[in-house]
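Work through the exercises below with the sequence and the 3D view at hand. Each task is followed by its solution.

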Amino acid sequence: DLFVMHPRGLSWWMELKGEGGSQGSEQARFERRCRACGVDYVLGGLEEARAHLRKVGLLTGRQAPGGI
């Protein structure tokens, strides 16, 4: 799991899950705490990470080949 910080003042928790992975009860409780405090929390893999980067404006439709 990662705490991601960006120089633009953005930050969030990223809980990485592989295909078929699931969130445990302690992880779900941590997610609820983050959300209650207004901290972004992303659960999943590469697609969820990309979606969040688009949501916060750090990823656009034009990416370099091989980039995320």
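The exercises that follow concern a predicted model.

**Exercise 1. State the order of the elements along the chain.**

Solution. Begin with the count: there are two helices and three strands. Then read from the N terminus, which gives β-β-α-β-α.

**Exercise 2. Find which residues make up the largest nonpolar core, and list what Trp-12 is in contact with beyond its neighbours within four places in sequence.**

Solution. Start from burial: 18% of the 68 residues count as buried. The largest nonpolar core has five residues, namely Trp-12, Met-14, Val-42, Leu-53 and Leu-59. Next take Trp-12: with neighbours within four places left aside, its contacts are Leu-2, Phe-3, Val-4, Asp-40, Val-42, His-52, Leu-53 and Leu-58. Val-42 and Leu-53 are among these contacts, and both belong to the core.

**Exercise 3. Describe the aromatic pair of Phe-30 and Tyr-41, and decide for each residue whether it is buried, partly exposed or exposed.**

Solution. The whole structure holds three aromatic pairs. In the pair of Phe-30 and Tyr-41, the centres are 6.2 Å apart and the planes are at 65°. The cut-off for edge-to-face is over 60 degrees, so this pair is edge-to-face. Now place the partners: Phe-30 is in helix H1 (residues 25–36) and Tyr-41 in strand E3 (residues 40–44), 11 residues apart.

For burial, the limit is under 20% relative accessible area. Tyr-41 has 6% relative accessibility and therefore counts as buried. Phe-30 has 33%, so Phe-30 counts as partly exposed. Finally, ring pairs link Phe-30 and Tyr-41 with Phe-3 and Trp-13 into a cluster.

Technical notes
Residues are numbered from 1 along each chain as its sequence is written. This is a predicted model: local features need pLDDT of at least 70, side-chain atom pairs count only at pLDDT 80 or more; totals for chains, interfaces and linings use all residues. Side-chain values use heavy atoms; hydrogens and water are left out. A nonpolar core is a set of buried Ala, Val, Leu, Ile, Met, Phe, Trp, Tyr and Cys residues joined through side-chain atoms within 4.5 Å. Buried means under 20% relative accessible area, exposed over 50%, partly exposed in between (1.4 Å probe, protein chains only). Contact means heavy atoms within 4.5 Å. Helices (H or I, at least four residues) and strands (E, at least two) are DSSP runs, numbered from the N terminus. Rings of Phe, Tyr and Trp (its six-membered ring) pair if their centres lie within 6.5 Å; planes under 30 degrees apart count as stacked, over 60 as edge-to-face and the rest as tilted.
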